[in-house]
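Here is a short set of questions on how one protein chain is packed. Have the sequence and the model open as you read.

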Amino acid sequence: MMQGLRTRLRRCLVPLFAASLLLSSGCAMVKIKQVTPADYAMLKRDDVLNSGHLSALSQESLSVIGRTAGQCGKDLHACRQTVAGIDGLPTEQRLSTLAELWMQEALTLAPKARMGEPAALSDAALDAWLETARYSYAYLFFSGRTPAERALEDRLTQVRDYYNYAAEQTAAVVFQQVRARALEGADYRSPVQVDRWTIRSDFDRLPLNGIPRQLVTAASVSFAGLRSTYRRDGFGAELVVVMDAPALAAPVEGGSAAASPVFSEMPAINATALLRFGGTTLDEVLATRDILLETWPAEAATTIQLQGQQVPLAANYTAAYGVWMAQSGFATESLRTLFGRGQGIREPHIYLMQPYDPDRRIIFMLHGLASSPEAWVNLANEIMGDPEMRRHYQIWSVYYPTNAPIALNRYTVGNAFNRTLDHFDPARTAAASHDMVFIGHSMGGVIARLMLSDSGDTLWNGAVERFNLRGERLRRVEARLGPLTRFSPQPDVGRAVFIASPHRGTDIAGDRLGRLIGKLVRLPLTILGKFEDVFLAMQDAAEPGGKPKAPRIGNSIDNLKASDPFIRASSALPLAPGLKYHSIVARRKAEGPLADSD
């Protein structure tokens, strides 16, 4: 009997065992697949924000509820409800998946935006962005671990980006509504009500001197002409708040014009926007409809306190400068000024690249011929982008009419600089007013050198001798030109840098092309009117007994000729004692001793 039982078992088990072997060897369920480096990065980091496809972790969550990404996309509402209610998903995974699913909905509803400017959002789209931010916020601060404990996880970076992008979209909507209220004279501080959400806003930290004109999202623009973009990763949306710039240009042929301000801050502000959700527990955060939109200047802080945790604050140090340069129109305006056509500037203007800080030393930049503050675009960006330089220095840049005579520009630029200092530090006690740095390029370097030189009576005596000034003519000319030819060094400047500056003039200004350009340069009527009688007197004195010539005031290109008496005399003036200075000069030929180069 036992023998029969064994026989029957063999007949049943052997075929089963053989079938098992056949299946395991010929139809394996698990296979090895080669993963390329590109696939590796995609599997770990791709998500709905950067590729349009759900991340691997969210797809894993959907597999737990028996769904695929494609099935979920057909009914996002039902899919989110299932993810929120099903057991078996860890809290972190549930919250991060819901944040990404809401992001998918928001991207579907959001219209296409113009470059740099967020598009107008429907209430449904804004609702989706706010839910994205809410679930991201809950994941970051209420899911059991702190951001610091997840610092090396890719998922933290993904969800932080969802939060930042949603904050950017929300800030754009709030900005438009708050700006409209302010323009109507209403209370712009009152909360913004959007559908079921109440959004309070706090703009008090931003250095606003009026109603902003525009909000630009820094993440959506890049800049041709800037070598680098300097920013800091962290929490918050990187924005640029654009203010109205002061009107400096006036018709060259016009008479009197409204007085322009002597200085102004750069009319664009780097800002970071955060969304704080009401509540101190996970359940409260997921139930709240109350949000605070908080804005910070990029330079204000590197970290902030969020839900009892110290977190890095995102910042962009280049975007505002790039937006200002792109919108300034300096390139066209500076040429119009030089050639006296259309709209041009008549007086120097000091631009502060950051709000005045009494504890940071001033770097003062002077551009060259036919130029503007745009000449410093990369140097200024490098200084503002470097943490150590940004901590210790602030940049002031002058914009001046480059057609005016060099002596006049030295006088008016110096006046504008000192009037700006008088406004912020009249007693000159702040650290900012001491050990300053002057940087001048081309003709700006010539003007900077004169601002740091002691003229004594050298230039004035030269003018008296050259034009044979005596008696009443001498008194008339001295009253007007004395301040332009007698000056002392700007105090408290510790260092100067001259870049390609023709302190002794240049032969180029006197050659055929230079003479042609010089003839095209036209001086403002304000200068011609102010000094016409003086130059008539000088030319009268220069040609006694002869027929007076029509008065002609030498322009900046005349002054840059190597043969010009003013440039020859001023190049020998002594610099301020103890001043450290440097010259950056191109060598026409690299070979040979440096001292013999030209």
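The questions below cover the sheet, its helices and the nonpolar cores of this predicted model.

Q: In what order do the strands of the open sheet run?
A: The open sheet has 6 strands, and its pairing is mixed. Its edge strands, β1 (192–194) and β3 (214–217), each pair on one side only. Neighbouring strands are turned by 30° against each other on average, direction ignored. The order is β1-β2-β9-β8-β5-β3.

Q: Which residue in β9 does Thr198 stand opposite?
A: Strand β2 covers residues 197–202, and strand β9 covers residues 290–297. The two pair in the parallel sense over 5 bridges. Opposite Thr198 stands Asp290.

Q: What angle does the direction of α7 make with that of β8?
A: Helix α7 packs on the sheet. There α7 touches β1, β2, β8 (268–277) and β9. Its direction and that of β8 make an angle of about 75°.

Q: At what angle to β8 does helix α8 run?
A: Helix α8 spans residues 154–183. It lies across β1, β2, β3, β5 (237–242), β8 and β9. Its angle to β8 is about 110°.

Q: Which helix gives the largest share of the largest nonpolar core?
A: This core has 69 residues. Among those touching the most other members are Tyr137, Phe141 and Tyr163. Leaving aside neighbours within four places in sequence, Tyr163 is in contact with residues including Ala133, Tyr137, Leu140 and Leu275. The largest share, 13 residues, comes from helix α7 (residues 123–142).

Q: How many residues does the second core hold?
A: This core is separate from the largest one. It includes Val262, Leu338, Met436 and Ala509. Its total is 52 residues.

Conventions: Residues are numbered from 1 along each chain as its sequence is written. This is a predicted model: local features need pLDDT of at least 70, side-chain atom pairs count only at pLDDT 80 or more; totals for chains, interfaces and linings use all residues. Side-chain values use heavy atoms; hydrogens and water are left out. A nonpolar core is a set of buried Ala, Val, Leu, Ile, Met, Phe, Trp, Tyr and Cys residues joined through side-chain atoms within 4.5 Å. Buried means under 20% relative accessible area, exposed over 50%, partly exposed in between (1.4 Å probe, protein chains only). Helices (H or I, at least four residues) and strands (E, at least two) are DSSP runs, numbered from the N terminus. Contact means heavy atoms within 4.5 Å. Two strands pair if DSSP finds at least two bridges between them. Axes are lines fitted to C-alpha atoms, for helices over the stretch in contact, and angles run from 0 to 180 degrees between N-to-C directions.
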